[in-house]
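Student: Please take a close look at one part of this model, the surroundings of the ligand. Describe the contacts there, and then the sheets and loops that the neighbouring elements belong to.

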Amino acid sequence: MTKIRVALVGVGNCASALAQGLLFYSGSGKEMNSIGLRNNLLGGFGPVDVEIVAAFDIDERKVGKDLSEAIFAEPNNAPKLVDMPLSNVVVNKGPVMDGLGEYTKNVVHVSSHSEANVPLVLKESDAEILLNLLPSGAVEASRWYAEQSMVAGCAFVNATPIFIASDPGWVKKFETAEVPVVGDDLIDQVGATTLHKTLLGLLSANGVRITQTYQLDVGGGTESLDTLERTKDVKRVVKTKSVEASLPYPASVVAGSTDYVDFLQNRRDSYFWIKGTYFCDVPMQMDLKLSTVDAPNAGSVLLDVIRAVKIARERKMKGAILPVCAYAFKHPPQLMPLDSAEKSFAEFVNEEV
Ligand SMILES: NC(=O)c1ccc[n+]([C@@H]2O[C@H](COP(=O)([O-])OP(=O)(O)OC[C@H]3O[C@@H](n4cnc5c(N)ncnc54)[C@H](O)[C@@H]3O)[C@@H](O)[C@H]2O)c1
């Protein structure tokens, strides 16, 4: 089986977890240990079939370095999970554009290397999927990479909360370029939003009338710092809409991020509060805390997305791949309840063509 050739934009914490995960699961054949993966085989592809063939960043501690070294360079603080051998993928410098905000400009040190010709690197490395892992505030840079993916004929995976796959104008462009696009804003494997939606769905299916609920979190990765300055509002809209969709009636819902706590490193603490009434209008409340490490939380879902997008490419699909968007992203072009999204994803993967 040929490898699925992936290029990374942004060699931050998520990229670190993904690259380490590929090595960690490289031995996971059909019968072998695949604990921690949502799907070991997907459409016949295992994690071992995924290969990172190119990478772009702007930080001097990453650009010009082998990917195996760059993923552990500061300010990355995702945990080291495996010893990485040389990858022979050297990180290229991309254009900075709006990659840095006021809060992150002292944390990320811009490299003085000259900028690579991005479409040329994508073509020469024979990349078929471009995975956008830029900071959530890098709106212009993300759009620019979306354009470059079309120029190079690469499918575009948008893990950021910037609206691309959910923007009809962008979807039209990808249809015209005959390239698949999926997004926006990746759902975590053990995600606060998924947990919140599941709890609300469960309580309301049991007859509880939810009246008010919130979900707030703090984290210590660079992305949490960028969120604090530039994307708190958009993340709140995306998460709140997604959580509201799990209730069959209106309620007061707030879901968003609150702050950056540097000593948490790559950890994230999420707090949930739910208030409602049940039999004879008797009140109930729930208080919960979920503690996770951010970057590994993206790994399993990213692996599913990469393999599903490969399937879409093999089927010569173009534009937004709706079942993949609804299954793996918080702000897809069409929001679906969790169970419907999983069902349509499974049908898409297993479809006879
Ligand atoms: N579990 C998760 O971590 C998770 C879940 C959902 C969505 N996301 C999204 O994934 C994205 C990446 O998250 P992360 O934690 O890896 O972020 P990060 O801040 O650790 O990494 C971002 C990387 O992009 C680089 N960068 C900045 N501007 C650039 C440019 N113009 N060109 C190339 N590289 C540039 C930075 O140097 C850094 O290496 C974010 O948008 C985040 O919202 C992450």
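Tutor: A polar contact here is a pair of N or O atoms within 3.5 Å; within protein, one must be able to donate a hydrogen and the other to accept it, and residues adjacent in sequence count only if both atoms are side-chain atoms. The model is predicted, so local features need pLDDT of at least 70 and side-chain atom pairs pLDDT 80 or more, while totals for chains, interfaces and linings use all residues. Numbering starts from 1 along each chain as its sequence is written, and side-chain values use heavy atoms, without hydrogens or water.

The ligand has 28 residues around it, where a residue is near if one of its heavy atoms lies within 4 Å. The closest of these are Cys14, Asp57, Lys62, Leu134 and Asp188. By class, the shell divides into 14 nonpolar, seven polar and seven charged residues; Ala, Val, Leu, Ile, Met, Phe, Trp, Tyr, Cys and Pro count as nonpolar, Asp, Glu, Lys and Arg as charged, and the others, Gly among them, as polar.

Asp188 also makes a polar contact with the ligand: a polar side-chain atom of this residue is 2.7 Å from a ligand nitrogen atom. Val11 uses its backbone instead, with an N or O atom 3.4 Å from an oxygen atom of the ligand. Glu223 places a polar side-chain atom 3.0 Å from an oxygen atom of the ligand. On its own, the ligand has 850 Å² of accessible area, and the protein covers 96% of this (Shrake-Rupley method, 1.4 Å probe). Two or more shell residues come from each of helix H1 (13-24), E2 and helix H7 (222-244); helices (H or I, at least four residues) and strands (E, at least two) are DSSP runs, numbered from the N terminus. H7 gives the largest share of the shell, three residues.

E2 leads to the first sheet to be described. This open sheet has seven strands in the order E3-E2-E1-E4-E5-E6-E11, and its pairing is parallel (two strands pair if DSSP finds at least two bridges between them). Its edge strands are E3 (92-93) and E11 (319-320), each of which pairs on one side only. Within this sheet, E4 (residues 129-132) and E5 (residues 155-158) are joined in the parallel sense by four bridges, and Leu130 has Phe156 of E5 as its bridge partner. Helix H8 (residues 296-314) lies across E1 (4-9), E2 (50-57), E4, E5 and E6 (180-182). H8 runs at about 145 degrees to E4; axes are lines fitted to C-alpha atoms, for helices over the stretch in contact, and angles run from 0 to 180 degrees between N-to-C directions.

Two loops attached to strands of this sheet have unusual backbone details. In the loop between E6 and helix H6 (192-205) sits Asp184, joined to Gly183 by a cis peptide bond with omega of about -5 degrees. Asp185 lies in that loop between E6 and H6, and has a positive phi of about 70 degrees although it is not a glycine. The loop between helix H2 (67-70) and E3 holds Pro75, and a cis peptide bond with omega of about 10 degrees joins Glu74 to Pro75.

H7 leads to the other sheet. In E7 (residues 209-219), Gln215 stands opposite Phe272 of E9 and has Ala255 of E8 as its bridge partner. E7 and E9 (residues 267-278) pair antiparallel over ten bridges, whereas E7 and E8 (residues 252-260) run parallel and are joined by eight bridges. The open sheet has four strands in the order E8-E7-E9-E10, with mixed pairing. E8 and E10 (282-293) are at the edges with a single partner strand each, so one side of each has no neighbour in the sheet. Neighbouring strands are turned by 10 degrees against each other on average, direction ignored. E9 and E10 pair in the antiparallel sense over twelve bridges, among them one whose partners are Asp269 and Ser291 of E10. H7 packs on this sheet and touches E7, E8 and E9 (contact means heavy atoms within 4.5 Å). The direction of H7 makes about 160 degrees with that of E8.
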